[in-house]
Protein chains: 4
Amino acid sequence: MNFASDNWAGAHPAIAQRLMEAASGFSAPYGASDLDKKIEQRFNELFEREVAVYFVSTGTAANSLALAAVNRPGGVSFCHREAHMLEDECGAPEFFTHGARLAPVDGENGKIDPNNLKAEIQRFPPNFVHAGQPMAISITQATEIGTLYQPEEIAAIANIAKEYGLPLHMDGARFANALVALELTPAQMSWKQGVDIVSFGATKNGCWCAEALVFMNPELARDLPFIRKRAAQLMSKSRFIACQFEAYLHDGLWLELARYANAMAKRLQMGIVNSKHARLAWQAETNEVFCVLDKTLADKLREKGAVFYQWNPPRAKLGLLAEHEVLVRLVTSFATEAEQVEEFVELLG
Amino acid sequence: MNFASDNWAGAHPAIAQRLMEAASGFSAPYGASDLDKKIEQRFNELFEREVAVYFVSTGTAANSLALAAVNRPGGVSFCHREAHMLEDECGAPEFFTHGARLAPVDGENGKIDPNNLKAEIQRFPPNFVHAGQPMAISITQATEIGTLYQPEEIAAIANIAKEYGLPLHMDGARFANALVALELTPAQMSWKQGVDIVSFGATKNGCWCAEALVFMNPELARDLPFIRKRAAQLMSKSRFIACQFEAYLHDGLWLELARYANAMAKRLQMGIVNSKHARLAWQAETNEVFCVLDKTLADKLREKGAVFYQWNPPRAKLGLLAEHEVLVRLVTSFATEAEQVEEFVELLG
Amino acid sequence: MNFASDNWAGAHPAIAQRLMEAASGFSAPYGASDLDKKIEQRFNELFEREVAVYFVSTGTAANSLALAAVNRPGGVSFCHREAHMLEDECGAPEFFTHGARLAPVDGENGKIDPNNLKAEIQRFPPNFVHAGQPMAISITQATEIGTLYQPEEIAAIANIAKEYGLPLHMDGARFANALVALELTPAQMSWKQGVDIVSFGATKNGCWCAEALVFMNPELARDLPFIRKRAAQLMSKSRFIACQFEAYLHDGLWLELARYANAMAKRLQMGIVNSKHARLAWQAETNEVFCVLDKTLADKLREKGAVFYQWNPPRAKLGLLAEHEVLVRLVTSFATEAEQVEEFVELLG
Amino acid sequence: MNFASDNWAGAHPAIAQRLMEAASGFSAPYGASDLDKKIEQRFNELFEREVAVYFVSTGTAANSLALAAVNRPGGVSFCHREAHMLEDECGAPEFFTHGARLAPVDGENGKIDPNNLKAEIQRFPPNFVHAGQPMAISITQATEIGTLYQPEEIAAIANIAKEYGLPLHMDGARFANALVALELTPAQMSWKQGVDIVSFGATKNGCWCAEALVFMNPELARDLPFIRKRAAQLMSKSRFIACQFEAYLHDGLWLELARYANAMAKRLQMGIVNSKHARLAWQAETNEVFCVLDKTLADKLREKGAVFYQWNPPRAKLGLLAEHEVLVRLVTSFATEAEQVEEFVELLG
């Protein structure tokens with residue numbers, strides 16, 4: 001019963017198989033192979049426009065290089081207070097931008113509140129050197145707590161971004177899970193709402209190591225080839241990433257895997273809702289379910305073999321827990337087995 | 001007939017197979033899995049001491065984080081004028097050290113000359129803030145031009161490093177090729193001669209993506225976990241690197257692959273020596289052969305399907321070429337086929 | 001009637017005079033002159049222990065290099081949400097620390113609340129690389145809003161610093177104003193409470209350009225000579241800073257100037273308290289007075305020649321203003337004339 | 001007899017006097033005062049075009065921020081092998097550009113050889129990410145060894161800069177000394193030959209602390225206000241720099257001081273030429289004279305009270321010295337007294 005994280009899973013068989021097939025033969029390194037080119041083309045189709053796409057090795061790299069591409073001296077990027085880039089990347093975004101700051105913005109349900117965003121941006125009057133200068137806005141889709149920005153919510157933030165001339169970045173570590181939950185196309189969830197850059201994650205959804213940084217406007221990525229190489233993120237045998245994307249994007253596999261993971265989360269959630277001993281912390285919209293358990297129940301579940309992380313309540317929900325309770329996060333993936341969900345739900349009682 | 005580079009090859013079947021096997025099941029991410037721990041232990045055995053080992057995604061990352069670990073403000077690292085970190089990493093070492101400089105040191109045969117090294121270090125008197133302060137020495141084994149430091153040559157540089165209190169780093173992108181050529185153990189080629197840090201490359205010798213940064217003295221790596229994470233080099237599904245190393249190091253596979261690549265290079269070299277139309281630029285000691293061709297012969301070889309890079313002569317050998325000649329680099333790997341070597345040699349005439 | 005800021009004043013005549021006298025003759029540059037050495041010695045006396053002292057050209061430089069001296073990868077420093085280094089230094093502290101983060105801590109009256117501080121630090125469990133690692137704590141004395149940490153309040157924060165092994169920095173841009181208000185010695189206001197590093201500002205209190213970075217434990221400043229030079233803060237004719245400090249610290253001039261500025265602020269405050277049309281925003285403890293005015297009154301004052309800044313209410317006091325009101329900051333200095341205070345108070349009505 | 005460096009002198013009386021006069025009154029800080037604006041205007045006149053000018057506190061800051069303004073990821077700047085920014089700034093240019101590299105270019109007489117320059121630039125083919133990308137060219141006028149680029153030599157380098165689309169920077173720490181020696185106007189010595197950015201130094205020529213970074217094309221300095229503030233180089237009481245420039249540039253004082261210093265150097269040089277015991281290392285063209293002395297004579301001169309630095313021979317002149325000889329540098333300034341020159345020459349014998 002492993003619900004620790006979707007990165008505890010390995011690789012989907014179709015992706016592992018594709019890697020195996022790609023092992024032989026010679027191929028131009030550093031992104032110059034035919035396969036690399038073909039996958040770049042595949043991203044154009046996926047996003048229904050000519051994009052610039054760069055493979056990198058981690059989601060943290062994708063997020064950090066997105067900001068590095070639009071970097072400004074004294075720059076300030078706005079993201080949700082609980083954003084991964086602020087809480088879980090050890091300062092990588094600041095490091096790769098030579099110290100540009102991440103300004104936390106509050107908002108309910110893991111999502112930036114547009115009014116708060118505007119108020120924060122306004123703390124930086126144009127040309128006021130003491131404060132620094134706004135540089136970018138970043139949203140996470142699906143959010144860190146498994147919720148979703150509706151398309152119109154993305155558009156609302158994009159409008160503010162446009163108003164202040166700021167590029168809008170989307171951390172899509174769980175892009176696929178969000179996409180299938182919202183029943184949108186990649187274009188609809190990104191540039192059609194005003195998103196300029198996407199960290200397109202595939203690792204959590206069935207790849208070994210496949211992250212793509214996608215720029216809707218290639219001009220914005222002008223320096224990215226140098227930025228990526230200098231960041232030690234230009235892999236020599238890059239076809240091993242390209243071929244993962246090939247299998248991942250082939251015939252809708254990626255959407256199927258995300259739908260499966262989301263469905264498993266729904267079953268988990270149903271079990272929690274029906275349990276007398278657990279309660280849902282908030283509505284799960286993708287593949288992460290947060291629930292409140294009595295500490296003794298949490299311990300019991302662990303004893304019985306369930307693996308999951310205890311979680312700090314978001315600052316906006318500090319009153320969530322009674323003293324004897326804990327918040328736990330349950331993550332599903334392509335590798336989650338329905339039997340394990342059932343077993344867990346049964347143990348919940 | 002592909003002699004472009006050892007990173008044009010894919011993955012050795014045994015390594016691809018091991019990856020396939022590791023695809024299923026759940027495993028702690030970020031280097032915390034049992035397999036990660038087991039491979040760390042394997043490195044201890046390999047180096048016959050307790051080392052600290054960190055997986056990263058590229059050789060550039062390994063080299064850059066090695067320097068970042070020993071970084072000093074105003075720091076200056078000494079490497080050969082033709083070193084990869086100086087010529088081919090787009091400033092990554094300087095970037096990851098926040099601007100610490102790489103000072104080029106001249107020397108014959110791609111190797112740092114100890115006298116030149118000493119003279120360069122002495123340009124930085126202790127506590128003279130204007131010049132900056134020495135920070136590290138880095139050598140490449142095998143060198144960029146396929147030659148080798150003999151153990152006593154490594155020791156001579158290590159003695160200078162010790163005299164000035166500087167850590168000695170070895171860029172071992174082709175560590176295995178050097179090791180088998182010299183018939184040494186990893187310990188003999190590293191810490192027993194005074195090397196403190198090794199960039200242990202496996203990608204060029206048959207892995208997809210497997211680079212390890214090895215510190216002989218774990219204390220020197222105290223901050224590395226944070227340095228690596230901040231550098232976006234902590235991979236979530238790190239077992240996919242660990243399992244490559246498992247197969248790579250199992251039962252001497254890595255040594256076998258390196259011996260094979262070196263042997264192919266020897267055959268190529270023999271063919272060049274015996275050719276009336278080509279001449280060896282210098283003695284190849286590992287899996288890189290450099291030869292001087294008439295431009296028309298180089299063109300003809302390419303037409304016949306040979307793939308290789310033209311190379312800039314090292315600054316120490318600027319007089320190497322007549323006007324109608326070019327220097328070309330021929331690299332062999334585990335994937336080089338003997339027939340292709342034969343075919344190439346035959347075409348040389 | 002200039003109450004815009006204490007840096008709108010020029011230099012005190014005694015300091016300008018001392019500069020004039022120092023203009024002739026030859027003197028070793030880069031901090032090596034006898035005068036430099038003498039002033040360093042003077043700082044030892046001042047702080048009643050052997051300190052390491054470094055002159056820099058701005059307060060921002062002092063704060064940034066203080067953090068740079070204790071820098072760690074993925075480092076996080078804790079300061080008040082309204083701290084100068086967070087709000088008014090254009091990201092310089094992050095820049096000089098290669099991206100170490102400033103984590104805002106809330107607290108009443110411009111002061112860090114120890115409980116909040118502890119809670120924030122605890123968000124960074126030891127060796128949890130994802131979050132980063134605590135690096136330093138910084139307090140501002142006097143605070144950005146003219147209030148003061150009492151000695152026991154400093155000690156309370158220092159205890160937390162010690163508990164977590166973090167150096168404690170004091171931004172003393174208005175060190176003198178705080179010192180005389182509290183009737184403490186420099187030692188009592190710094191290391192005797194547990195402060196490790198002081199940005200000792202003299203510019204705002206009557207110098208042209210004289211900022212000193214003082215380390216209570218010189219060992220902590222081991223790399224500072226290189227850090228400062230690399231930061232372009234090692235001035236060649238450093239005696240022109242040294243001689244300002246000489247005059248400033250001579251015969252208690254600095255304390256006298258601060259007492260005068262504070263007294264002028266007291267008179268302003270008294271006038272506000274007695275005014276029917278203005279009200280004090282909070283109790284002024286040094287040379288900055290914050291008051292709430294009707295917008296029309298603020299406009300009228302400006303028309304009559306008063307110079308001052310409108311101020312954003314601290315986030316902890318967002319309900320401070322009615323819609324027709326503004327918060328204004330009034331700063332006094334050694335150059336404030338009593339007549340101008342009287343004139344201003346009279347205009348307040 | 002102090003010939004150690006022009007930064008051993010203090011401030012010229014007229015400049016010290018002007019500082020004294022500026023001490024009283026209130027004035028907008030951070031470069032916003034009327035005086036600041038007036039001096040900016042003065043620079044427009046000086047350079048006969050609308051320039052963007054930024055005051056900073058050190059020459060190292062001016063040089064470093066010049067490069068920061070034109071920074072590129074993986075950037076490489078070309079300067080002479082003996083350039084101050086390469087040899088004497090503790091890596092500040094690399095630090096402020098987040099690791100952009102300084103590539104040394106050889107050339108006789110302290111000057112970049114255009115052919116060498118071109119050859120070095122060509123080592124960086126466009127879009128070849130491994131090597132990095134050219135970013136800027138920097139020349140020093142007068143050079144580190146007291147020689148001068150003739151206008152046509154500047155133009156020759158500027159032509160290469162244009163050919164490769166690179167901005168051309170001039171380190172003018174001794175701009176005035178060069179200007180009067182060449183009998184050129186500032187425009188003639190800079191943009192009329194193709195120079196884009198000038199580090200306009202005044203400190204060495206009679207100011208306390210006055211360095212200006214001048215952009216011929218203000219568009220190139222678009223981000224400089226933020227770059228400077230983030231670099232901790234925006235001085236609050238900036239009028240104290242502005243007023244130094246006011247006196248310095250008033251009525252040709254700066255040219256007069258430079259002419260005087262150069263004249264003193266000429267006398268020194270004449271004395272050396274006529275001496276039987278010393279010989280000129282090379283022709284001095286400004287205020288730095290390099291001569292070869294017998295070690296025993298150097299010691300004797302020091303005993304008699306002469307102050308000067310022994311110098312490392314440029315790499316291009318390593319054969320300059322016999323074993324018993326040393327190279328010494330003798331620098332004159334506005335403060336050098338003719339009597340001391342005479343005394344020194346007499347001691348030479």
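Visitor: How many residue pairs are in polar contact across the interface of chain B and chain A?

Guide: 21 residue pairs, where both partners have pLDDT 80 or more. That cut-off comes up because this is a predicted model. As for where chain B's side of that interface comes from, α1 (13-22), α3 (59-69), α5, α10 (224-230) and α11 (239-249) of chain B each supply at least two of the residues that touch chain A. The top giver there is α1(B), with five residues. Sorted by type, the residues on chain B's side come out as 27 nonpolar, 18 polar and seven charged.

Visitor: And how many salt bridges are counted between chain B and chain A?

Guide: Zero. The test asks for a side-chain nitrogen of Lys or Arg within 4 Å of a carboxyl oxygen of Asp or Glu.

Visitor: How do I read the size of an interface?

Guide: Size is often given as the accessible area that is lost when the parts come together. Here, chain B and chain A bury about 4400 Å² between them, and carbon and sulfur atoms account for 67% of it. On the chain B side, the residues losing the most area to chain A are B:Phe26, B:Trp208 and B:Lys237, which together make up 20% of what that side buries. Counted by contacts, 52 residues of chain B meet 51 residues of chain A.

Visitor: Let's try another pair. What area is buried between chain D and chain C?

Guide: About 4400 Å², with carbon and sulfur atoms giving 67%. From chain D, the trio D:Phe26, D:Trp208 and D:Lys237 supplies 20% of the area that chain D buries against chain C, more than any other three residues. In contact terms, 52 residues of chain D touch 51 residues of chain C.

Visitor: What do the salt bridge and polar contact counts look like for chain D and chain C?

Guide: The rule finds zero salt bridges across that interface. For polar contacts, the count is 21 residue pairs, both at pLDDT 80 or more. The elements giving two or more residues to chain D's side are α1 (13-22), α3 (59-69), α5 (92-96), α10 (224-230) and α11 (239-249) of chain D. Of these, α1(D) gives the most, with five residues. By type, chain D's side splits into 27 nonpolar, 18 polar and seven charged residues.

Visitor: Now a single helix. How do I tell which way it faces?

Guide: An α-helix has 3.6 residues a turn, so residues three or four places apart point the same way. Take helix α6 (residues 114-121) of chain A, where the buried residues are A:Leu117, A:Glu120 and A:Ile121. Looking down the axis of α6(A), these buried residues fall within an arc of 95°, so they line one face of the helix.

Visitor: What do the buried residues of α6(A) pack against?

Guide: Their partners are β2 (75-80), β3 (101-105), β4 (133-140) and α7 (151-163) of chain A.

Visitor: Which residue caps the N-terminal end of α6(A)?

Guide: A:Asp113 does: one of its side-chain oxygens lies 2.8 Å from the backbone nitrogen of A:Asn115.

Visitor: Is B:His98 buried or exposed?

Guide: The cut-off for buried is under 20% relative accessible area. B:His98 has 9%, so it counts as buried. You'll find B:His98 in the loop between α5 (92-96) and β3 (101-105) of chain B. Leaving aside neighbours within four places in sequence, B:His98 is in contact with A:Phe95, B:Asn71, B:Arg230, C:His98, C:Arg230 and D:Phe95.

Visitor: What about the backbone? Where is phi positive in a residue other than glycine?

Guide: Two cases to look up are A:Asn127, with phi near 65°, and B:Asn109, with phi near 60°. A:Asn127 is in the loop between α6 and β4 of chain A, and is exposed, with a relative accessible area of 68%. B:Asn109 belongs to the loop between β3 and α6 (114-121) of chain B, and is partly exposed, at 32%.

Visitor: Last one: which peptide bonds are cis?

Guide: Among them is the bond from B:Gln141 to B:Ala142, with omega near -5°. Another is the bond from D:Gln141 to D:Ala142, with omega near -15°. B:Ala142 is in the loop between β4 (133-140) and α7 (151-163) of chain B, and D:Ala142 lies in the loop between β4 (133-140) and α7 (151-163) of chain D.

Notes. Residues numbered from 1 in each chain as written. Chains lettered and ligands numbered in written order. Predicted model: local features only at pLDDT ≥ 70, side-chain atom pairs only at ≥ 80, totals over all residues. Heavy atoms only, no water. Contact = heavy atoms within 4.5 Å. Buried area = accessible area lost by both parts, 1.4 Å probe. Polar contact = N/O pair within 3.5 Å; in protein donor to acceptor, adjacent residues only side chain to side chain. Helix = DSSP H or I, 4+ residues; strand = E, 2+ residues; numbered from the N terminus. Nonpolar A, V, L, I, M, F, W, Y, C, P; charged D, E, K, R; others polar. Buried < 20%, exposed > 50% of the residue type's maximum accessible area, 1.4 Å probe, protein only. Arc of directions from axis to C-beta.
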